[in-house]
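Biologist: Before we discuss this fold, could you put the sequence and the coordinates in front of us?

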Amino acid sequence: MARLATRNALGTAIAGPTATLIYDDWYPALRSDRLRSTKLETAMLLDLPLVLGRRRSSNGKDGRIFAMRDSCPHRGIPLSVGWFDGERVTCRYHGWEFEPCSGRCELIPSLTETDRLDATKIYASAYPCEERDGYAWVYLPGSGAGRKKELAELRPVPELAKFSDKYRTAHLTADLPCNVDHGIIGLMDPAHGPFVHQAWWWRSQASIREKTKRFEPIPEGFRMAAHAPSGNSAPYKLLGVYGEPVETTIDFQLPNRRYETIRCGSKWFTSLTTVTPVTASTCRIDVIAAWNVFYHVPLVTPVAKFFGAKFVRQDQVTMIQQAEGLRHNPSLMLIDDADKPAKWYFALKQARLDGSGKHPMDGPVELRWRS
Ligand code: FES
Ligand SMILES: [Fe+2]
């Protein structure tokens, strides 16, 4: 996988301002193909250390994946330094054994016949964990949420749309040294394109022109409505070879998701980009894409990965530079219309956090900017 390093030019991590985090939702933790046999993997999500693995299944196929807090409920040593036999996670300190999907303690080796403590009443924190599009998605409940919830009680697990049986996929990941809010508004902001993403194969500053885009409200988000994508970008021109109208929609939805769909007759390209808080002051961008365009043309996957990685790398470098600037908490501004989506994001987030559910848009609006 294309894993891009963070850090500033000196190689030091930059601690910028923190963001408020949204709990009670799904976040991608890591690629699920890393969860194999009796390996335990760790990940950090929303400042919470996790240990992930895959249970052995009875039929020899891939078993269920799990995510637990990487901390033994007894005395806090990370469970990831213990052992996993495919069925139970054993703590390396005093050997307590846990069933990892439920977190239930199955054995406390030090107990004697006369002890009245029932080990199975003790639970390590386990979180709902599901595999979709090659990622392990973990549902992080707010504090005081109680015992792990069943899948049916939760919001649906995010999934990339696919419009045919055969398709190719690619993914990439990059760490960003800024908080999740800066990661997200940097992703949705249209005005940085001609400056940050200058390249012969994408677009140049000279191609800046006025755009009018129609946006409409969707639940906990907004949609940039179907339209023929910018005529000044090369990848979209390539799609035109099929000679049918090209339609794109881009949805943003809380807490952190950007869904893009491009359709041209029976050909399609979709992507899901998420910006996930790793800590309150750092985040990670993950892009998953699927397409049936040029399905039979060899080399399209590596070429697409190369361009995708380059594109994300440009955003990443910019955000590393921005993090330097944000270190001392300067006051900032958001302008109309190019920063309007960022304003909607902050209002939607506030509505989720305060439980009002109030949507900042009353109906469709047109935004105009030059990019
Ligand atoms: S700290 Fe894990 S069993 Fe004691
Ligand atoms: Fe960008």
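**Burial, core and edges**

Modeller: Of the 371 residues of the chain, 32% count as buried, where buried is defined as 20 or more other C-beta atoms within 10 Å of a residue's own, exposed as 12 or fewer and partly exposed as in between, with C-beta atoms placed from the backbone. This is a predicted model, in which local features need pLDDT of at least 70 and side-chain atom pairs count only at pLDDT 80 or more, while totals for chains, interfaces and linings use all residues. Residues are numbered from 1 along each chain as its sequence is written, and chains are lettered from A and ligands numbered from 1 in the order in which they are written.

Biologist: Which strand gives the largest share of the largest nonpolar core?

Modeller: A nonpolar core is a set of buried Ala, Val, Leu, Ile, Met, Phe, Trp, Tyr and Cys residues joined through C-beta atoms within 7 Å, and the largest one here has 73 residues, with A29, L45 and L50 among those that touch the most other members. The largest share of this core, 7 residues, comes from a strand (a DSSP run of E, at least two residues, numbered from the N terminus), namely strand 19 (residues 282-291).

Biologist: Why does this core lie between two domains, and which are they?

Modeller: The domain bounds come from an automatic or database domain assignment. Because both domains give residues to this core, it lies between them, and they are domain 1 (25-153) and domain 2 (168-370).

Biologist: How far apart in space are T279 and M44, C-alpha to C-alpha?

Modeller: T279 has its place in strand 18 (residues 267-279) and counts as partly exposed because it has 17 C-beta neighbours inside 10 Å. Leaving aside neighbours within four places in sequence, T279 is in contact (C-beta atoms, placed from the backbone, within 7 Å) with M44 and D47. Although T279 and M44 are 235 residues apart in sequence, their C-alpha atoms are separated in space by 7.4 Å.

Biologist: Which residue of strand 20 is the bridge partner of E210?

Modeller: Strand 20 (residues 365-370) lies largely in the open, because the number buried among its 6 residues is 0. Strand 14 (residues 210-218) and strand 20 run antiparallel and are joined by 6 bridges, where pairing requires that DSSP finds at least two bridges between two strands. Within strand 20, the bridge partner of E210 is R370.

Methods: Helices (H or I, at least four residues) and strands (E, at least two) are DSSP runs, numbered from the N terminus. Two residues are in contact if their C-beta atoms, placed from the backbone, lie within 7 Å.
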